[in-house]
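Reader: I am new to reading protein models and would like a close look at one part of this one. Please go slowly and keep it plain.

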Amino acid sequence: MTTAVLKLCGVSKCFPAPGGAVEALREVSLELAAGEFVAITGPSGSGKSTLLHVAALLEPPTSGEVWLDGEDVARLSERQLAARRGGKIGMIFQKFCLLPHRSVLDNVLFRFRYTRHPRAAARALACAALELVGLRERMEHKARLLSGGEMQRVAIARAIALPPRLLAADEPTGNLDRAAAEGVMHCLRELNGRGATILLVTHNEALLRHCSRHLRLEDGLLVNQ
């Protein structure tokens, strides 16, 4: 039996608040097989981003289990968790999170800041990632001079420069117009066609046609699995 890339078992997440703890996730269970493109939708405040952050090892669950490539991450030290995030997970954010005054290439090379890759090897991988997203010819441009859609494609290139086991995308089209959003989704679909496992959270149900499976979060509960 093939090991799931990601498995959440009864995951809950609570945040302290003045009026009492807020339960953002309630016993969520989810499994992603290699090569799946899964979208999670839901209203604002339903827990979508919290779920993605737990899946990407950015937030620990309050209870439940998170397994990445058959490994129970609760058994890992902080250093080991950082290594798994850097080596196995690519993260794409809604606000791009680029260095505006650095070049496109420098932004993608940022993916290698905590690795032992020689500069030449890192550059080759970064250039290959930019080729995949159609931006190799713009790699010397400053990030601030790009369009929103191009900035998001740079962010995707950064996330895949070290090929991840899981590509986690948090509202990656939320700041884009329709045409740019379609371009980004086409890019993600191309990556999925090459074998990437993608977990996408979005409020835009028009994007679901690009995905292989759709789940919905409501009040921290995962429904219609």
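Which residues does Leu-130 touch, not counting residues up to four places away in sequence? Please also go on from there to the parts around it.

Author: Bear in mind that this is a predicted model. Setting aside residues up to four places away in sequence, Leu-130 touches Val-104, Leu-105, Val-108, Leu-135, Arg-136, Met-139 and Ala-157. Leu-130 belongs to the largest nonpolar core, which has 45 residues. Together with Ile-156, Leu-167, Leu-188 and Leu-191, Leu-130 is among the members that touch the most other members of this core. In soluble globular proteins, nonpolar side chains tend to be buried together.

Several elements give two or more residues to the core: the strands β3 (37-41), β7 (166-170) and β8 (198-201), and the helices α3 (104-109), α4 (119-132), α5 (148-160) and α6 (178-193). Apart from this core lies another one, of 30 residues. Leu-81, Met-91, Val-201 and Leu-215 are among the residues of that other core.

Helix α5 is a good element to follow next. Its 13 residues reach 19 Å from the first C-alpha to the last, close to the 18 Å expected at 1.5 Å a residue. The helix is mostly covered, with 11 of the 13 residues buried. The buried residues include Ile-156 and Ala-157, and Ala-157 is one of the contacts of Leu-130. The list of buried residues also takes in Glu-150, Gln-152 and Arg-158. Among the elements that cover the buried residues of α5 are β6 (89-92), α3, α4, β7 and α6. An α-helix has 3.6 residues a turn, so residues three or four places apart point the same way.

Gln-152 shows what such covering looks like for one residue. Gln-152 is found in helix α5. Its relative accessible area is 0%, so Gln-152 is buried, the cut-off being under 20%. Leaving aside neighbours within four places in sequence, Gln-152 is in contact with Ile-92, Phe-93, Gln-94, Phe-96, Pro-172, Leu-176 and Val-184.

One of those contacts, Phe-96, has a backbone detail of its own. Phe-96 lies in the loop between β6 and α3. Although Phe-96 is not a glycine, its phi is positive, at about 70°. With 12% relative accessibility, Phe-96 counts as buried. Leu-57 is another residue that is not a glycine and has a positive phi, here of about 65°. Leu-57 is found in the loop between α1 (48-55) and β4, and Leu-57 is buried, with a relative accessible area of 6%.

Helix α5 also takes part in the largest pocket. About 540 Å³ of space lies in this pocket. Its lining has 18 residues, and Arg-85, Gly-86, Ile-89, Arg-111 and Arg-113 lie nearest the centre. The elements α2 (78-88), β6 and α5 give two or more residues to the lining. The largest share, four residues, comes from α2.

The sheet that contains β4 is the last part to look at. Four strands form an open sheet in the order β2-β1-β4-β5, and the pairing is antiparallel. β2 and β5 (71-72) stand at the edges, each with a single partner strand, so one side of each is left without a neighbour in the sheet. β1 (residues 6-15) and β2 (residues 22-32) pair over seven bridges. One bridge in this pair joins Leu-8 to Leu-30 in β2. β1 also pairs in the antiparallel sense with β4 (residues 63-68), over five bridges. Lys-7 stands opposite Trp-67 in β4. In a regular strand the side chains alternate between the two faces of the sheet.

The hairpin of β1 and β2 has six residues between the strands, and Gly-20 there takes a positive phi near 120°. Pro-18 is found in the loop between β1 and β2. At 92% relative accessibility, Pro-18 counts as exposed, whereas Gln-152 in α5 is buried at 0%. Pro-18 and Asn-204 are 186 residues apart in sequence, and their C-alpha atoms are 32 Å apart in space.

Notes:
Residues are numbered from 1 along each chain as its sequence is written. This is a predicted model: local features need pLDDT of at least 70, side-chain atom pairs count only at pLDDT 80 or more; totals for chains, interfaces and linings use all residues. Side-chain values use heavy atoms; hydrogens and water are left out. A nonpolar core is a set of buried Ala, Val, Leu, Ile, Met, Phe, Trp, Tyr and Cys residues joined through side-chain atoms within 4.5 Å. Buried means under 20% relative accessible area, exposed over 50%, partly exposed in between (1.4 Å probe, protein chains only). Contact means heavy atoms within 4.5 Å. Two strands pair if DSSP finds at least two bridges between them. The expected span of a helix is 1.5 Å times one less than its number of residues. On a 1 Å grid over the protein atoms alone, a cavity is a set of points where a 1.4 Å probe fits but cannot get out, and a pocket is an open set with protein on both sides within 12 Å along at least five of seven lines; lining residues have an atom within 4 Å of a point. Grid points are joined across faces, edges and corners, and a volume is the space filled by probe spheres set on the points.
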